Amino acid sequence: MPLTDVNTETLKEAIETGGIVVVDFWAEWCGPCKAFAPVFAAAAEKHEDVTFAKVDTEAQQELAQGFQIQSIPTIMLFREQVLLFRHSGALPPAGLEDVIEQAKKMDMEEVHREIKEHAEAHERGECDHDH
């Protein structure tokens with residue numbers, strides 16, 4: 001699937017589709033971002049069933065702040081609107097491939113069940129940390 005430069009609205013739409021979305025938060029001046037760009041592009045060519053989105057943190061400062069981006073590149077992976085992976089720093093090709101393959105194999109029914117159970121425990125005050 002081709003790489004897509006996104007803004008707040010288009011990223012929200014991509015995540016809400018429910019498929020796997022891999023997001024690269026980057027900036028033109030960032031050396032590691034430039035080094036990671038071909039890795040990200042190659043993964044996008046290989047995985048036609050995955051959406052690959054790029055967020056220019058300079059052009060989309062509010063979006064970067066909303067995702068609490070503190071260092072770049074930061075890579076995030078969503079599936080069924082759930083953030084499954086977040087990593088600051090460039091990933092090697094094998095590392096990015098591994099993350100995508102793990103996300104494809106993940107039992108999302110189990111993930112959603114755990115999220116629901118955690119939320120219910122939090123509502124009952126049985127959770128001792130803030131999430």
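In what pattern do helices and strands follow one another along the sequence of this protein? Read from the start, the order is β-α-β-α-β-α-β-β-α-α. The legends below refer to a predicted model.

**Figure 1. Overall fold of the predicted model.** The protein has five helices and five strands. Along the principal axes, its C-alpha atoms fill a box of roughly 45 × 30 × 25 Å. The radius of gyration is 16 Å; for 131 residues, a compact globule would have a value near 14 Å, which agrees. Of the 131 residues, 37% count as buried. Contacts reach across the sequence: among those between residues at least 6 apart, 69% join residues at least 24 apart.

**Figure 2. Surface and charge of the protein.** The accessible surface comes to about 7,900 Å². Carbon and sulfur atoms account for 51% of that area. The protein carries 11 positive and 26 negative charges. The mean positions of the two sets are 3 Å apart. Side chains of opposite charge can pair when their charged atoms come close. The count of salt bridges comes to seven. One of the salt bridges joins the side chains of K34 and E28, at 3.5 Å from N to O.

**Figure 3. The K104–D49 salt bridge.** The closest N and O atoms of K104 and D49 are 3.2 Å apart. The pair links distant parts of the chain, 55 residues apart. K104 sits in helix α4 (residues 93–105). D49 sits in the loop between α2 (31–46) and β3 (51–56). How accessible is each partner? K104 is partly exposed, at a relative accessible area of 27%. D49 is exposed, at 53%, because its value is over the 50% cut-off.

**Figure 4. A charged network that includes R113 and E117.** The side chains of R113 and E117 meet in a salt bridge, with 2.4 Å from N to O. Both residues lie in helix α5 (residues 108–123). They are four residues apart, about one turn of the helix. Salt bridges that share partners join E110, R113 and E117 into one network. R113 counts as partly exposed, at 37% relative accessibility. E117 is partly exposed too, with a relative accessible area of 40%.

**Figure 5. V23 and its contacts in strand β2.** V23 lies in strand β2 (residues 20–26). Is V23 buried or exposed? V23 is buried, with a relative accessible area of 0%. Which residues does V23 touch, leaving aside neighbours within four places in sequence? The contacts are L11, F40, A53, V55, T74, I75, M76 and F78. For a distance across the model, take V23 and G89, which are 66 residues apart in sequence. Their C-alpha atoms are 13 Å apart in space.

**Figure 6. Q60 in the loop before helix α3.** Q60 is placed in the loop between β3 and α3 (61–66). Q60 is partly exposed, with a relative accessible area of 22%. This value counts as partly exposed because the buried class lies under 20%. Not counting residues up to four places away in sequence, Q60 touches V6, N7, T8 and V55. Q60 and H122 are 62 residues apart along the chain. The C-alpha atoms of Q60 and H122 are separated by 33 Å.

**Figure 7. Backbone geometry in the loop between α3 and β4.** Most residues other than glycine have a negative phi, and most peptide bonds are trans. This view shows an exception of each kind. The peptide bond from I72 to P73 is cis, with omega near 0 degrees. P73 lies in the loop between α3 and β4 (74–79). Q68 is also placed in the loop between α3 and β4. Phi of Q68 is positive, near 55 degrees, and Q68 is not a glycine. Q68 is exposed, with a relative accessible area of 58%.

**Figure 8. Positive phi at Q81.** Where is Q81 found? Q81 is in the loop between β4 and β5 (82–88). Its phi is positive, about 65 degrees, although Q81 is not a glycine. At 49% relative accessibility, Q81 counts as partly exposed. Q81 misses the exposed class because that class begins over 50%.

How values were computed. Residues numbered from 1 in each chain as written. Predicted model: local features only at pLDDT ≥ 70, side-chain atom pairs only at ≥ 80, totals over all residues. Heavy atoms only, no water. Salt bridge = Lys/Arg side-chain N within 4 Å of Asp/Glu carboxyl O. Helix = DSSP H or I, 4+ residues; strand = E, 2+ residues; numbered from the N terminus. Buried < 20%, exposed > 50% of the residue type's maximum accessible area, 1.4 Å probe, protein only. Rg over C-alpha atoms; globule rule 2.2 N^0.38 Å. Contact = heavy atoms within 4.5 Å. Areas by Shrake-Rupley, 256 points an atom, 1.4 Å probe, with all protein chains shown as cover. Lys, Arg positive; Asp, Glu negative; His and termini not counted. Charge placed at Lys NZ, Arg CZ, Asp CG, Glu CD.
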